[in-house]
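Q: I am new to this structure and would like to look closely at one part of it. Could you take a single strand and describe its surroundings in a connected way?

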Amino acid sequence: MKSVNIQDIAREAGVGKATVSRVINGKGYVSRETTAKVKAVMERHHYQPSALARSLSRRESDAIGLIIPEANNPFFSGLLTGVSQVLDKCGYTLIIRTSGNDKQRDYRALEAMRYQRVRGIIYVPACNYEADEDFAEMSSRLVDLGGPCVILDRPINKLDCDCVLSDNFSGAYAATEAMIQAGHRAIGAIAGNIQLMIGRERLEGYRKAILQNRLTLHKEYQLTGTFGQKEAYAKVMELLQKPDRPTAFFIGNNQSEIGFLNAVRDLKLKIPADVAFVGFDELPGQMVFELPYSCLDRDVVMLGEKAAQLLIRRFEEPNRPAERLVVVPRLCLRGSEKCLSRPK
């Protein structure tokens, strides 16, 4: 009778070799169903792993790569927390790289992951890679990694792989609609970077709510750019000092929210008496501003957990179809959306 090895067991069980290794060694997470399936194949072939096989199996990389744009952004640090919680429980080592929202640094981060021989990566891209040349450059590096990839937060439409995304359009629509229902008629948007698909989706959700409620869509009320805190602060300061300024804002990202709140403070305006808002994502330290803070809550830690779980499942079931999880943000109204004065 022909002897079988780990690769034979993996092929017959329909799982990856790493999954068989975890079953043999009892190290790392494997679902009960998958464990039973692997053990059944081993028993059928009377497979007994040798000490050498066990040793070799333990030499397989247990490293997982995480590429994020910024390490000091509360949103991305929340994703990191969620990813780490899952991977720590499953015995994986996490390697982190940042791109600074720059595609050249993104390429270098992917190259670094290849040199680290990671088993797979969780990837928040620096950009959408919509141009054919850019997509080819990025995707070739993903192929060179030789392992699965889960896209997190920022979609790449041309890429067929597992991803965890947010429903940015419906979130922005709900936030804007809440301010309209509160009585606001002049609502601005601090949309952030519309070079990113997520920025465009959030701006379109805002616009749809304005138009469906038959309100005027003011071009000058739609602030866009590559927003960090300083840029958002400067643009908001300028707009809020105009006599026909908006009475409320939908704010599309957390860095813009900080810039907005700093501008409101420096102009000595009150929220929501002078200007109202709903932000995208919970902002850590909101109590510092001593205000009722309305926002769209995506449970950022949970997004990171979902991405890590998808990657582990891909190790176990390498041939299953790509999965696309879309999380709808939850609208949390705490008072900053209110209209305390009659609109003109």
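A: What follows is a walk outward from one strand, through its sheet and helices, to the salt bridges of the loops beyond.

The model is a predicted one, and the strand chosen here is E9, which covers residues 276-280. Of its five residues, five are buried, so the strand is mostly covered. This holds for both of its faces, since Ala276, Val278 and Phe280 on one side are buried, and Phe277 and Gly279 on the other side are buried as well.

On one hand, E9 is joined to strand E8, residues 248-251, by four bridges, and these two strands run parallel. Within this pairing, Phe250 is found opposite Val278 of E9. On the other hand, two bridges link E9 to strand E10, residues 295-297, again in the parallel sense, and here Phe280 has Leu296 of E10 opposite it.

These pairings belong to a wider arrangement, an open sheet of six strands whose order is E7-E6-E8-E9-E10-E12 and whose pairing is mixed. At its edges are strand E7 (222-224) and strand E12 (330-332), each of which pairs on one side only. On average, and with direction ignored, neighbouring strands of the sheet are turned by 20° against each other. In general, the strands of a sheet pair through backbone hydrogen bonds, in either a parallel or an antiparallel way. Further along the order, strand E6, residues 187-192, pairs with E8 over four bridges in the parallel sense, and Ile187 stands opposite Ala248 of E8.

Helices also belong to this picture. Helix H8, made of residues 168-181, packs on the sheet and touches E6, E8, E9, E10 and E12, while its direction makes about 165° with that of E8. Helix H11, residues 254-266, forms a right-handed β-α-β unit together with E8 and E9. This helix H11 lies across E6, E8 and E9, and it runs at about 155° to E9.

Beyond the strand itself, the loop between E9 and E10 takes part in salt bridges. The side chain of Asp281 meets that of Arg298 in one of them, with 2.7 Å from N to O. Because Asp281 lies in the loop between E9 and E10, whereas Arg298 lies in the loop between E10 and helix H12 (300-316), this pair ties together parts that are 17 residues apart in sequence. Both partners, Arg298 and Asp281, are buried.

A second salt bridge brings together the side chains of Glu282 and Arg334, at 2.9 Å from N to O. Glu282 lies in the loop between E9 and E10 and Arg334 in the segment after E12, so that this pair ties together parts 52 residues apart in sequence. Glu282 is partly exposed, with a relative accessible area of 30%, and Arg334 is likewise partly exposed, with a relative accessible area of 37%.

Elsewhere in the model, salt bridges that share partners join Asp162, Arg313, Arg314, Glu317, Arg320 and Glu323 into one network. The count of salt bridges comes to 19.

Key. Residues are numbered from 1 along each chain as its sequence is written. This is a predicted model: local features need pLDDT of at least 70, side-chain atom pairs count only at pLDDT 80 or more; totals for chains, interfaces and linings use all residues. Side-chain values use heavy atoms; hydrogens and water are left out. Buried means under 20% relative accessible area, exposed over 50%, partly exposed in between (1.4 Å probe, protein chains only). Two strands pair if DSSP finds at least two bridges between them. A crossover is right-handed if, with the strands pointing away from the viewer, the path from the first strand over the helix to the second runs clockwise. Axes are lines fitted to C-alpha atoms, for helices over the stretch in contact, and angles run from 0 to 180 degrees between N-to-C directions. Contact means heavy atoms within 4.5 Å. A salt bridge is a side-chain nitrogen of Lys or Arg within 4 Å of a carboxyl oxygen of Asp or Glu.
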